[in-house]
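Work through the exercises below with the sequence and the 3D structure at hand, and try each task before reading its solution.

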Amino acid sequence: MKLTNNPWFGAELRLISIILFIVEFVRGAVLISLLPIYGQKTLGLSLDIIGVAITAHYLTDTILKMAIGYLLDRFSIRFVVQIGLLLSLVGVFLFQFAQLPWVFIAAAALYGIGMSPIWIVCLTKVTKEQRATQMGFLYTIWFVGLGSGPIVCNILLDYNAIATYYLLLALAFVSWVLSFFMSGKRANDLKPVPFRDQFAVLGSQLKQMRLLLPGMILQTAGASMLVPILPSFAEKHLGIPGTQYSLLLTLGGICAAAGLIPMGRLTDKLGGKKGFLVVGFIFFAVSLYLLAWKLPFWYCLIIAMALGLSYAAVLPAWNALLAAYVPPKQEGLGWGILSTFEGIGVMVGPLAGGFIATAYGEPSVVWISAILFGLIGLFYLFLPTRALSGRASG
């Protein structure tokens, strides 16, 4: 696919991509590094409290997705994104006053409010003809930002935690300023469909995709369970210091980012989403299973590469699959509702991971996550093909 002379890759998308990168850089740094490391080592909070805070972040993110999708169909993209990023900026600002657990949790919850708009805007901009390829491009931006955030944050936290925090605060401010240059148009230029009619159509679509909902929730829960425990798991169970942990994240992120666009193109070309989902999830499960065996560092590097490539295989195919269930003229609300169902797993996962780690140890969380991904791979293997094509399943 040539990027030149392609309006989809024009100035507007470049600006949105920059904002998305900064937003996800800060989110990755906050959720994967700042909250677990700063919360545990500096504030002395337990893993279950950290898990609750991360869940609170995803709770507000998830609950508001539907409302934000509705607003994007009725108000300008710029207005909705601006308000969201401003609230997130306030959330990051409050972390410096988060010595008390409830303030820590409240700041994480407020921070989650502004995460939804920019991603849903990206989803509404993707074209039907090249959806998997374009989703691969967006996921590359998203993943590089999300992956590089904790890597940079881990390194900086070893030197100066306060300076690291203010860097993240400054970047959150920059993303909010950049939102002033976004388009003043709505996500959908057509006349908005009445709210009651929207829910009638979307209810029909959700009924058609009911077979996908269990897998949708479990796969996000399985991944997000790992968020509050990864730094501690790497240090205590694998014996990996911060620098080597950052190297693992870097290598896995590079493999995922490098594979997203090729996997997206392959999905568009072959048209078969099922194979990518089955192989991707099963390889992800096997990789996590091996990671829990406390192997030497060089084996962990290979496992990190396998995890990244598995992730790259799943994401474009998964979003191309979801796109079949988004009704026309309702892109904002449609993606908002689908993201809400995905967010249920993301919301529950960190909470479960934190409590399991506190009760049974960090390795148990990795084992359970591996089992979940293995079951999800088998679930898609035996799922009827018609359920993966956007057609009614019965």
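**Exercise 1.** Decide whether Cys255 is buried or exposed, and find how many disulfides there are.

*Solution.* Cys255 has a relative accessibility of 11%, and since buried means under 20% relative accessible area with a 1.4 Å probe and protein chains only (exposed is over 50%, partly exposed in between), Cys255 counts as buried. Cys153, at 2%, is likewise buried. A disulfide requires a pair of cysteine sulfur atoms within 2.5 Å, and by this rule the count is 0.

This is a predicted model, in which local features need pLDDT of at least 70 and side-chain atom pairs count only at pLDDT 80 or more, while totals for chains, interfaces and linings use all residues. Residues are numbered from 1 along each chain as its sequence is written, and side-chain values use heavy atoms, without hydrogens and water.

**Exercise 2.** Check what helix α12 should span, and find which helices its buried residues pack against.

*Solution.* Helix α12 covers residues 273-291 (helices are DSSP runs of H or I, at least four residues, numbered from the N terminus). The expected span is 1.5 Å times one less than the number of residues, so the 19 residues of α12 should span 27 Å, which agrees with the 27 Å between its end C-alpha atoms. Its buried residues include Phe276, Phe281 and Leu288, and the buried residues of α12 pack (heavy atoms within 4.5 Å) against α9, α10, α11, α13 and α15.

**Exercise 3.** Identify which residues of α3 meet α4.

*Solution.* Leu87, Ser88, Val90, Gly91, Val92 and Leu94 in α3 meet residues of α4, among them Val103 and Tyr111.

Conventions
Helices (H or I, at least four residues) and strands (E, at least two) are DSSP runs, numbered from the N terminus.
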